[in-house]
Amino acid sequence: MIAEAVAICCRFFVVEECMMIKEMSIDLETYSDVDIKKSGAYRYVESPAFEILLFAVSINGSPVTVYDMASGDVLPENILQALVDDSVTKWAFNAAFERICLSEYLRREFPELMKSEYFALRELSIFI
């Protein structure tokens, strides 16, 4: 009985890890010492104090997973790759703001994902 449960659990995690991401629904909670209402979204994220506190994501319609980045959670590699993959559709309620925040986050934390000047100009452009 226990061996069966472990096998099922292992199969689930292997499938989750290998699952091809076709679409992501994203919601962020952020912090900055800059007043967004007075300065706008770009200055808000350009502040050295800007950070993503919570990253909530549903992949391919699955239940939402929340990464508490303020407490040290790290986004998995497959999510990072999906963020910069043009074939993956990204959904967000306030898509322009989420795109600006994620672009700045990737520039700071994962510059290797920002492969070229061309990519930097169109990063995360498939937000809907």
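Select Phe50 to begin: this residue is buried, with a relative accessible area of 7%, where buried means under 20% relative accessible area, exposed means over 50%, and partly exposed is in between, all with a 1.4 Å probe and with protein chains only. The model on the screen is a predicted one, in which local features need pLDDT of at least 70 and side-chain atom pairs count only at pLDDT 80 or more, while totals for chains, interfaces and linings use all residues. Residues are numbered from 1 along each chain as its sequence is written, and side-chain values use heavy atoms, with hydrogens and water left out.

**Rings around Tyr44**

Keep Phe50 selected and add Tyr44, which is also buried, at a relative accessible area of 9%. A pair of aromatic rings is described by the distance of the centres and the angle of the planes. Rings of Phe, Tyr and Trp (its six-membered ring) pair if their centres lie within 6.5 Å, and planes under 30 degrees apart count as stacked, over 60 as edge-to-face and the rest as tilted. By this rule the count comes to four aromatic pairs. One of them is that of Tyr44 and Phe50, whose ring centres are 5.9 Å apart with the planes at 65°, so this pair is edge-to-face.

Now add Phe97, whose ring centre is 5.8 Å from that of Tyr44, with the planes at 55°, so this second pair is tilted. The pair links distant parts of the chain, since Tyr44 belongs to helix H3 (residues 41-46) and Phe97 to helix H5 (residues 95-109), 53 residues apart; helices (H or I, at least four residues) and strands (E, at least two) are DSSP runs, numbered from the N terminus. Phe97 is buried, with a relative accessible area of 14%. With the three residues shown together, you can see the cluster into which ring pairs link Tyr44, Phe50 and Phe97.

**Along helix H5**

Stay in helix H5 and select Glu104, Arg107 and Arg108, which are linked in a network of salt bridges. A salt bridge here is a side-chain nitrogen of Lys or Arg within 4 Å of a carboxyl oxygen of Asp or Glu, and the structure holds two of them. In one, Glu104 joins Arg107, the closest N and O atoms being 3.3 Å apart; these two are three residues apart in helix H5, and therefore separated by about one helical turn. In the other, the side chains of Glu104 and Arg108 meet at 2.9 Å, N to O, and these residues are four apart in the helix, again about one turn.

Which of these residues are buried and which are partly exposed? Glu104 is buried, with a relative accessible area of 14%, whereas Arg107 is partly exposed at 38% and Arg108 is partly exposed at 30%.

**Strand S2 and the loop after it**

Move next to Ser58, which has its place in strand S2 (residues 51-59) and is buried, with a relative accessible area of 9%. A polar atom of the side chain of Ser58 lies 2.5 Å from the backbone oxygen of Ser62. If neighbours within four places in sequence are left aside, Ser58 is in contact (heavy atoms within 4.5 Å) with Glu23, Met24, Ser25, Pro63 and Val64. Asp27 can be added as well: it is 31 residues from Ser58 in sequence, and the C-alpha atoms of the two are 9.2 Å apart in space.

From Ser58, go on to Asn60, in the loop between S2 and S3. Most residues other than glycine have a negative phi. Asn60, however, has a positive phi, near 55°, and is partly exposed, with a relative accessible area of 30%.

**A patch on the surface**

Select Val66 in strand S3 (residues 65-68), which at 48% relative accessibility counts as partly exposed. Add Leu54 and Val64, and the three together make a nonpolar surface patch of about 240 Å². Patches are made of residues with over 30% relative accessible area and no salt bridge, with like charges joined within 9 Å and nonpolar side chains (Val, Leu, Ile, Met, Phe, Trp, Tyr) within 5 Å.

**The whole chain**

Finally, clear the selection and show the whole protein, which has six helices and four strands, following the pattern α-β-α-α-β-β-α-β-α-α along the sequence. Buried residues make up 34% of its 128 residues. The protein exposes about 8,000 Å², of which carbon and sulfur atoms supply 59%, the areas coming from the Shrake-Rupley method with a 1.4 Å probe, where for residues only the protein chains shown count as cover.

Technical notes. Polar contact = N/O pair within 3.5 Å; in protein donor to acceptor, adjacent residues only side chain to side chain.
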